[in-house]
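User: Could you take a close look at one strand for me, along with the loop that leads into it? I'd like one connected walk-through.

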Amino acid sequence: MDGQVEIRATVLVLLTLFMREYEPMAAREDPADWVAADRKRVVVGFWGTSLTEHREAVSSRMTDPARVPQVGEMVVVDDVVCRGYAHRVSLALRVRHPNNDFRFFNHGEGGANSRTVLATVEQTATRDIDVAVVEMGTNDALRVAQQRAAEAVPVSEFAANYSRILGFLRDRVNALMCIGSPPVGWAPDGEDLDVVALNREIVRYNESAAEVAAGVGALFVDVGRAFVRTAGLLSGWEPSSPLPVADSLWCSDGLHPSELGVELISGLVLKVWPQLDCVAGAAVEPLVRIGETGAAPATIPGNR
């Protein structure tokens, strides 16, 4: 009899401990209190060219799984929004640092050169921005190659504009990140461009940008080198013979990044983002790290 009582008492204690371990969080602590105590506002501004702006037309019919249009069916465009690397970075930061109140502003502009970006920065950069991300250079070099004199910006002027932009931002923001320009994949249809020569020039603009960034202590993301290496390994693209390839980092025009290119840029940005030290708390860790030795499969309490 005493043995049965002891067994029942042990079972009751274990059951109590189990229920305490897996009771809903709300029963133990109020998540709202945690958010209110730890939440930090982080304002991020992006400035640059169409690489940063990355406009896309969207329709709810295209993204609603229950209302996907049939092949050949027409849909109404609901809006034109900014996507690309800036959008992917914003999504990733929000889920990695959910105890931060992120606000993102995209000031990218299609066709912009360093003169345009300088003017936009001076008009829009306020003192409540925590992180400024700057990208430019492709259009400066491209307009020189296209002999569009009014829009062409030689590398010497580009460096001066870059220096003015970073100097202006440095006095207003807490952290600076600069993104280098990718090479051009191939000449757009109908354009007689020496892409090999153009890409050599883009390297010069990137080197100039990196030097200016280092001078003010800004992070520089070397997108150009990453594009060349990844495109070669991924699809056999050759910088000495830049031609359209399958699985490309570029869209069909050879200028703008494809989904693969956007993924590469956003991955590079996120890799160095922790160095900015601009968020509250550590990033949320995954339940299981892929490839971790001895890692047990993730389970939901109560499920088997």
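Analyst: Let's start with a cut-off: a residue is called buried when its relative accessible area is under 20%, and exposed when that area is over 50%. Keep in mind that this is a predicted model.

The strand to look at is S5, residues 131–135. By that cut-off S5 is mostly covered, with five of its five residues buried. In a regular strand, side chains alternate between the two faces of the sheet. Here both faces are covered: Val131, Val133 and Glu135 are buried on one side, and Ala132 and Val134 are buried on the other.

What sits alongside the strand? S1, residues 40–48, pairs with S5 in the parallel sense, over four bridges. S6, residues 175–179, also runs parallel to S5 and is joined to it by five bridges. Val134 is a handy place to see both pairings: Val134 is the bridge partner of Trp47, and in S6 Val134 has Cys178 as its bridge partner.

Now step back to the loop. Asp130 is in the stretch between helix H7 (114–124) and S5. Asp130 is buried yet makes no salt bridge. A salt bridge here would need a side-chain nitrogen of Lys or Arg within 4 Å of a carboxyl oxygen of Asp or Glu, and the nearest side chain of opposite charge, that of Lys40, is 5.7 Å from Asp130. What the Asp130 side chain does reach is the backbone nitrogen of Val43, at 2.7 Å.

The surroundings of Asp130 fit in with the strand pairings. Setting aside neighbours within four places in sequence, Asp130 is in contact with Arg41, Val42 and Val43, and also with Val173, Asn174 and Ala175. Arg41, Val42 and Val43 fall inside the 40–48 range of S1, while Ala175 belongs to S6, which covers 175–179.

For contrast, have a look at two other aspartates. Asp247 lies in the loop between helix H11 (223–235) and helix H12 (259–272), and Asp247 is exposed, with a relative accessible area of 52%. Asp277 is in the segment after H12 and counts as exposed too, at 70% relative accessibility. Phi of Asp247 is near 50 degrees, a positive value in a residue other than glycine, and phi of Asp277 is likewise positive, near 50 degrees.

So, back to the part you asked about: S5 has both faces covered, with S1 and S6 as parallel partners, and the buried Asp130 is in the loop before it.

Technical notes. Residues numbered from 1 in each chain as written. Predicted model: local features only at pLDDT ≥ 70, side-chain atom pairs only at ≥ 80, totals over all residues. Heavy atoms only, no water. Buried < 20%, exposed > 50% of the residue type's maximum accessible area, 1.4 Å probe, protein only. Lys, Arg positive; Asp, Glu negative; His and termini not counted. Polar contact = N/O pair within 3.5 Å; in protein donor to acceptor, adjacent residues only side chain to side chain. Contact = heavy atoms within 4.5 Å. Pairing = 2+ DSSP bridges.
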